[in-house]
Structures are given as structure tokens and as C-alpha cells.
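Here are my notes after going through the model. I've put them as numbered points so you can follow along in the viewer.

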Amino acid sequence: RRGALDGGASGELVARFEERAREVERTLGCFGGEHAVARLAAARVAESEGKNRELAHEILVDLDGFLAGMRRKAEAKAAMAVEDVWKPVERAVGEGAAAEAVFPGKAVRGGLAKLVGDLNAIVDSGFKIQTEHARALQAEQWPPPEVFIAVVKDMTEKLRSMHAPSSDDDVMIWLEKSEARLRDAGWKMAVASIFGELDTMIGNVQAEVSEARIRMLAPVVLANGVRAEKEHFDARIQKGDIDAGLPLTKAWMLKTLETGSVAKEVEKLRRGHAESTKRLLRVALVELVAQTAPVSASASSELLAFDGERLLSLQNLIQCSAYVASLDHLGRQFLRSKGKTAAAEVFTPATLKEAVGGYEVTKSYGTLLPAILQESFVADIAASLKACGATSDAADRFVTANQDVLRSYVGRVAGGKDPVFNVLLRRALGVIRGAVADDRLIRGEELAHVGLSLVAGSVVDAIAQLLRLAGHLFQVHAARITQVLAGSGAGSGPANVDVQLSSDDEI
């Protein structure tokens with residue numbers, strides 16, 4: 001990053017870095033010999049191969065879902081970059097406006113170095129800030145606005161060379177407005193926001209380029225990926241990396257047979273009956289994500305090496321859906337109890353739903369969730385009051401007076417101690433169990449009569465993801481599952497009792 005700002009000095013820094021890397025290898029060779037150096041090289045290759053296999057697995061299981069998730073993560077990453085890199089610059093400039101503070105050069109140079117690195121990560125073209133501008137940015141005092149204008153123009157021109165021509169007009173309009181802001185009297189206050197916007201634009205192009213590359217690769221992976229994944233799994237067994245008896249998978253399947261709705265199909269499973277094996281996989285996956293404790297794919301089955309994040313995400317998606325649906329019911333109930341019937345009729349936890357969606361993307365597990373739920377729930381209560389004619393002051397006074405009660409609702413829901421939450425979570429799992437076991441996609445309308453219409457999209461998405469994963473596991477591992485069950489001595493356990501969905505009135 002420093003080299004990106006030092007113009008011609010970047011080549012020297014790269015050479016120094018490469019020499020340091022060679023020095024590390026020589027030192028390693030002195031202590032461990034050629035074998036140690038070979039192991040280091042093998043580790044690098046293995047890491048690269050592992051990432052490629054994981055990408056191929058994602059393409060095979062759910063290409064569109066993977067790309068959609070990649071876009072959401074890119075958006076979240078860009079938002080976090082703006083918050084972490086450019087907001088501090090903005091605050092520093094704001095604080096220094098009255099006190100004539102010095103130029104926050106270190107923060108600005110760090111942010112610009114990140115942008116240069118991101119541009120070169122898209123296409124490694126050796127892009128760098130021009131030497132004269134880099135030198136001006138090293139000063140303790142503010143460089144003239146022309147320096148920032150030139151840097152923005154250079155970066156924007158580089159960005160234009162990477163994205164679709166259809167976006168050129170939008171980029172040029174943005175550049176024209178940004179240049180005008182930097183020529184304005186208060187241009188220093190605009191620096192952080194302009195480069196923050198550019199950061200977001202670069203992140204979007206990164207995501208577009210990555211998606212285009214993956215879509216170009218997808219036909220080859222889809223044509224050959226299942227065979228390659230099967231061969232790689234077999235090779236790992238032959239090398240001894242995986243126990244040929246698949247003890248984790250065996251225990252997982254037997255547990256599913258004892259508690260699931262496939263117990264009566266044991267003999268068919270031992271004979272390798274295709275439909276029974278598919279059903280067993282579907283039921284087994286549902287029972288994994290139905291756990292309240294975070295699921296560990298690596299401790300559950302040898303077949304799930306690339307699916308740890310997917311299974312945790314599914315658990316999170318289902319539980320967060322129940323959070324949103326239960327707080328929707330509780331919010332309406334609370335407003336009616338306070339005589340705010342009109343507000344109850346228009347209450348929609350839109351802020352809450354958006355916040356939970358962001359939580360799902362960034363995977364902010366732990367104590368952050370209750371805080372996210374509390375702030376969003378209170379905001380949605382206030383919004384429903386305003387929608388019914390209450391002034392902002394009146395709505396704020398109402399939620400302030402009742403915030404302890406509202407926060408206690410959230411605390412019970414997030415802690416899994418609220419009866420409404422438990423009912424709706426059981427309903428969601430009941431719907432998912434039934435649909436996945438029967439290999440059936442459902443429509444959102446089917447969830448309205450069980451109080452889950454608000455989160456129907458999430459429940460339908462969870463079902464679709466589980467069906468896709470089960471289908472892929474069958475394609476790759478059906479024969480091995482049959483071998484495991486043939487020698488397991490599995491018996492017929494009790495059939496699972498279907499979850500009875502109570503009516504909305506019982507909530």
C-alpha cells in the first residue's frame with residue numbers, strides 16, 4: 001500500500017518484499033532442510049486448490065444463491081469500509097474546521113492506498129497514484145484541491161476501463177459532481193464522502209467482475225464438477241485423510257433413522273434405493289439446522305467439509321425469521337393493549353427485518369443481535385404511530401415511556417424464552433421439515449395461515465437451499481451412504497410425530 005502512494009518507489013518496495021520472502025525460505029531451509037521448503041510450497045498449493053474446490057462446490061450446489069450472497073457481502077464490506085476508513089477522516093475534518101487542525105494525512109493516505117489496492121485486485125495493472133500527487137499527500141498541511149481532483153479523475157478513469165460501458169454515463173455524472181464539490185469553498189468536508197462513494201463504486205465493480213468470471217467458469221464446473229468432487233473425496237480416503245468407514249456420517253445417518261420419518265425405509269436404504277436415500281439426506285439436513293446450538297459441519301459428517309458456513313447461515317436464517325415474525329405479533333399486541341388499534345393495523349417491522357437481513361449477511365453472532373433487535377423494534381413502533389398521524393415528538397415520547405417493556409419483549413425473544421417465539425419457530429421448522437422431506441417447494445401464501453407470511457420469503461429460501469444441498473450430496477456420495485448403512489445394523493426406530501401447527505388465535 002505504501003508503494004502505491006510513493007510512485008516510482010513501488011518497484012523498489014516490491015523487490016525488497018520478494019527478497020524478504022526468499023530470505024524466509026532460506027532460513028526455513030537451514031533449519032528444516034529441503035523437505036521443509038517443499039512442505040511450505042505444498043501448503044501454498046494445497047491452500048489454492050482448497051479454495052478452488054470450495055468455489056466449485058458452491059457453483060455445483062447453488063450458483064445463483066452463491067452469487068447473490070457474494071453481492072450482499074460485497075455491499076456489507078463496502079459499507080464497513082466507508083465506516084472504518086472514511087468516516088474517521090470525515091470526523092477529523094469536522095473537528096478541525098474550527099480549530100484549524102492539521103491535515104489528517106495518515107488516515108487519508110491509508111484510505112487511498114486501500115483504493116489503489118482494490119483497483120489492482122480487480123485487474124493487476126500496476127495502477128498507482130502519480131508521483132507528484134503522492135508527494136503532495138505526504139505533506140503535513142492540506143494539499144490543494146487540485147491534487148484530490150486529479151486523484152479522483154485517475155481512479156475513475158481506471159474504474160471505467162474495468163466495468164461495462166453501459167455504466168459510463170453514471171460514472172461521468174458522478175465525477176462531474178464530485179469535481180464541483182472539490183472546487184467549492186467547503187471542499188475539505190467533501191473529501192471523505194467523495195472517496196467513500198468511490199470506495200463503494202470500486203467494490204461494486206469488484207463484485208461484477210468476480211461474478212462475470214464465475215459465470216464463465218460455471219459451465220465447465222457443472223459439466224465435470226460432480227465427478228471431480230467424487231474423485232477427490234475417494235483420493236482423500238485412499239491417502240488416509242478420511243476414515244473409510246465414515247464414522248461421523250454413519251452416526252449422523254443412524255441418529256436420523258432413530259428419530260426421523262424415514263425409519264420405515266431401512267431395508268430400502270440398505271439396498272441403495274435412490275428415493276429413500278435422497279429422503280434420508282433431506283431429513284438429516286433438516287435435523288442438523290433445526291438444532292438451537294450452532295451446528296458444526298466438520299463434527300457432523302465427513303460429507304460436509306465445504307458446507308459449514310452454509311449450515312450456520314441456514315440456522316441463522318430460520319431463527320431470525322422466527323424473531324421477526326414473533327416481534328411482529330408482539331408489536332401489534334402491545335399497540336392494541338395501549339389503545340393504539342390503528343397503529344397496530346399498519347405496524348410492519350420493516351426496520352427490524354432490514355436489520356436482521358444485515359445481521360445475516362455479516363454473521364455478527366452473539367451479543368450484537370439483541371441490541372440490533374431492540375433498536376429496530378422500537379423504531380418500528382414509532383414509525384407505526386407516525387403513520388397514523390402522531391407527531392414525531394408524540395411518537396418519541398410514547399416509545400420512551402414504554403421502552404423498558406418493548407426491550408423486555410426483545411430480550412425474551414432473543415433469549416428463546418418467549419412463548420410466541422417458540423410457537424413460531426416450531427411452526428417454521430414444521431413447515432420446513434414437511435416440505436424438505438417430501439422434496440416439495442411451497443408458496444409464500446401457504447405460510448399465511450400459520451402466522452409466518454411476513455417471513456415467507458426466508459422460509460421458502462431455506463427450503464430451497466436444503467433441497468439443493470441434499471440433491472448434490474446424493475449425486476456425489478449416494479454409493480458411500482449405502483455402504484455405510486449396509487454394514488450399520490440399523491434398526492427401525494420410532495417414527496417422528498409430525499408437528500401440529502396451531503392456529504393464530506392460540507398465539
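1. Leaving out residues up to four places away in sequence, which residues does isoleucine 381 touch? Keep in mind that this is a predicted model. The list for Ile381 is Gly331, Leu335, Phe347, Phe398, Val399 and Leu406. Leu335 is worth clicking on as well, since both Leu335 and Ile381 are among the residues that touch the most other members of the largest nonpolar core.

2. On that core: it has 85 residues, and the others with the most contacts to fellow members are Leu285, Leu311, Leu327, Ile432 and Ile463. If you want to know which helix gives the most to it, look at H18, residues 456-486, with 14 residues in the core. Apart from this one there's another core, made of 38 residues, including Trp86, Leu119, Val147 and Val191.

3. Now the aromatics. I'd start with tryptophan 142 and tryptophan 187, one of the 11 aromatic pairs in the structure. Their ring centres sit 5.5 Å apart with the planes at 85°, so this is an edge-to-face pair. Trp142 is in the loop between H4 (131-137) and H5 (145-160), while Trp187 belongs to H7 (residues 187-239), so the pair ties together parts that are 45 residues apart in sequence. Both tryptophans are buried. They also belong to an aromatic cluster, together with Trp86, Phe103, Phe148 and Phe195. Trp86 turns up again here, having already appeared in the 38-residue core.

4. A second edge-to-face pair is phenylalanine 334 with tyrosine 409, at 6.1 Å between centres and 85° between planes. Phe334 comes from helix H12 (residues 308-337) and Tyr409 from helix H16 (residues 392-414), and the two are 75 residues apart, so to speak a link between distant parts of the chain. Both ends of this pair are buried: Phe334 has a relative accessibility of 2%, and Tyr409 has a relative accessible area of 13%.

5. On to charges. How many salt bridges does a search of the whole structure find? The count is 28. One of them joins arginine 215 to glutamate 211, with 3.3 Å between the closest N and O atoms. Both residues are in helix H7, 4 residues apart, which puts about one helical turn between them. Their surroundings are worth a look: Arg215 is partly exposed at 38% relative accessibility, whereas Glu211 is buried at 16%. The bridge is also part of a network, in which Asp64 and Arg71 are linked with Glu211 and Arg215.

6. Two other salt bridges to check in the viewer. Glutamate 179 and arginine 183 meet through their side chains at 3.0 Å, N to O. Arginine 336 and glutamate 345 do so at 3.3 Å, N to O. Arg336 is partly exposed, with a relative accessible area of 40%.

7. For helix packing, try H8 (residues 247-259) against H10 (residues 274-289). Their axes come within 10 Å and cross at roughly 90°, which makes H8 roughly perpendicular to H10. On the H8 side, the residues that meet H10 are Trp252, Met253, Thr256 and Leu257. Facing them from H10 are Leu280, Leu281, Val283, Ala284, Leu285 and Leu288. Leu285 also appears in the list of residues with the most contacts in the largest core.

8. Is threonine 156 buried or exposed? This residue of helix H5 is buried, with a relative accessible area of 1%. Setting aside residues up to four places away in sequence, Thr156 touches Val171, Trp174, Leu175 and Leu198.

9. Last one: glutamate 83, in helix H2 (residues 9-99). Glu83 is partly exposed, at 43% relative accessibility. Beyond its neighbours within four places in sequence, Glu83 is in contact with Pro88 and Arg91. Glycine 196 is 113 residues from Glu83 in sequence, yet their C-alpha atoms are 8.7 Å apart in space.

Methods. Residues are numbered from 1 along each chain as its sequence is written. This is a predicted model: local features need pLDDT of at least 70, side-chain atom pairs count only at pLDDT 80 or more; totals for chains, interfaces and linings use all residues. Side-chain values use heavy atoms; hydrogens and water are left out. A nonpolar core is a set of buried Ala, Val, Leu, Ile, Met, Phe, Trp, Tyr and Cys residues joined through side-chain atoms within 4.5 Å. Buried means under 20% relative accessible area, exposed over 50%, partly exposed in between (1.4 Å probe, protein chains only). Contact means heavy atoms within 4.5 Å. Rings of Phe, Tyr and Trp (its six-membered ring) pair if their centres lie within 6.5 Å; planes under 30 degrees apart count as stacked, over 60 as edge-to-face and the rest as tilted. A salt bridge is a side-chain nitrogen of Lys or Arg within 4 Å of a carboxyl oxygen of Asp or Glu. Axes are lines fitted to C-alpha atoms, for helices over the stretch in contact, and angles run from 0 to 180 degrees between N-to-C directions. Angles under 35 degrees count as roughly parallel, over 145 as roughly antiparallel, 65 to 115 as roughly perpendicular and the rest as oblique.
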